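Thanks for coming, everyone. I'll go through strands, then cysteines, then cavities. Here is the structure.

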Amino acid sequence: MDASLTAEQEELRAQARSFLADTPAPEWRRLAELGWTGVSVPEEQGGAGLGFLEEAVLFEELGRALYHGPYFSTVGLVLPALPPAEQAAVAAGEASWTLALGPLVCDLDTAARVAVVGGDGIYELEGFEREVLRTNDETRPLGVVSGGEAGRRLAGSGALPGLRARAFAALALEACGVGRRALELAVEYASGREQFGRPIGSYQAIAHPLATAYMELELARSLALWAAWCVAVGDGQARVAAPAAKAQAAEAAVRACERAIQTHGGIGFTWEHVLHRLYKRALGIQSWESSPAQLRAEVAAHLLDGEGA
């Protein structure tokens, strides 16, 4: 496979980066106007009829910008499980979703509707109460839902493995965006900050860790794009590609943020600097659903024991 982006995908990246730089906290309806909420929704349902590779570009850029909204939970997690009419509502910006996979539910403060796993399928949860919890990453709060009952059936339980792989790939791409932004800030600071008459980036103690971070992020991005391709074409390798990508990308992003904070010295630890928010998003991605160690064990079992692992 060719992991390089097409000219159209690169143009989408440039437009997304420019827009998010000018509008760091866009509303859900605004994303719908841009066509972002319906990228992979069929054209007959009001979407663009593209695929997960185009969404991958947006996940990376939204991670880089620390977007606060239900894009991951709606597009990265729930969308394929929704009936056609509900996918059309998402594309139009009229609905946003999250999925309660466990006791803690992501994007509960911004997602309007909640899906829940129960028995033989995925259902819309009705008549529930929500409580948004304070978390380290204020741009992606977690919450809990209580009460309520399963309403209409959205999809069968057979959709869950695909949703899980899709979510892991989306988070891996977000992590790449987070890590790359942290590295850019570190390189910029190391190039301009001087000690003993020289930029601090000229010293090996600064340059070598940043070079290592770059190498780790490039490897992670390759894995994330492979996972995105597997998800986009429905390749069976998504079962191993997505967990591998999420494990590698999350750890690479965490380490890139840590090295960027160290490069900045005292200012890197201040509350006003963006690095602490990037670091928290990276830690949140790392801990979502499964730790890197658990995911590597899952990949190892798949490789050693075969498809039935």
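One definition before the strands: two strands count as paired if DSSP finds at least two bridges between them. Keep in mind that this is a predicted model.

Now the pairing. Strand 3 and strand 4 run antiparallel, and four bridges join them. Strand 3 covers residues 113-118. Strand 4 covers residues 121-133. Look at the register here: glycine 118 stands opposite glycine 121. These two strands form a hairpin, with two residues between them. Glycine 119 sits in that turn, and its phi is positive, about 60 degrees.

Strand 3 has another partner, strand 1, residues 97-100. Strands 1 and 3 run parallel, again joined by four bridges. For the register on this side, take threonine 98, which stands opposite valine 114 of strand 3.

A general reminder on strands. In a regular strand, side chains alternate between the two faces of the sheet.

Next, the cysteines. How many disulfides are there? The count is zero. Take cysteine 106: the nearest cysteine sulfur belongs to cysteine 176, and it is 19 Å away. Cysteine 106 is in no disulfide. Then cysteine 257. Why does its sulfur form no bond with that of cysteine 176? Cysteine 176 has the closest cysteine sulfur, but at 12 Å that is too far for a bond. The cut-off is 2.5 Å between the sulfur atoms.

Are cysteines 106 and 257 buried or exposed? Buried means under 20% relative accessible area. Cysteine 106 has 3% relative accessibility, so it counts as buried. Cysteine 257 has 0%, so cysteine 257 counts as buried as well.

Cysteine 176 takes us to the last topic, cavities. The structure holds two of 30 Å³ or more. The largest has about 40 Å³ of space. Which residues line it? Glu60, Cys176, Arg180, Leu217, Glu218 and Arg221. Helix 6, residues 160-192, and helix 7, residues 204-233, each supply at least two lining residues. Helix 7 gives the largest share, three residues. By class, that lining has four charged residues, two nonpolar and no polar.

The second largest cavity has about 30 Å³ of space. Its lining is Leu62, Tyr67, Gly69, Tyr71, Phe72, Arg140, Glu174 and Arg281. Here the classes are four nonpolar, three charged and one polar.

To recap: strand 3 is joined to strand 1 in parallel and to strand 4 in antiparallel fashion. The disulfide count is zero. And there are two cavities of 30 Å³ or more. Over to you.

Note on methods:
Residues are numbered from 1 along each chain as its sequence is written. This is a predicted model: local features need pLDDT of at least 70, side-chain atom pairs count only at pLDDT 80 or more; totals for chains, interfaces and linings use all residues. Side-chain values use heavy atoms; hydrogens and water are left out. Buried means under 20% relative accessible area, exposed over 50%, partly exposed in between (1.4 Å probe, protein chains only). On a 1 Å grid over the protein atoms alone, a cavity is a set of points where a 1.4 Å probe fits but cannot get out, and a pocket is an open set with protein on both sides within 12 Å along at least five of seven lines; lining residues have an atom within 4 Å of a point. Grid points are joined across faces, edges and corners, and a volume is the space filled by probe spheres set on the points. Ala, Val, Leu, Ile, Met, Phe, Trp, Tyr, Cys and Pro count as nonpolar, Asp, Glu, Lys and Arg as charged, and the others, Gly among them, as polar.
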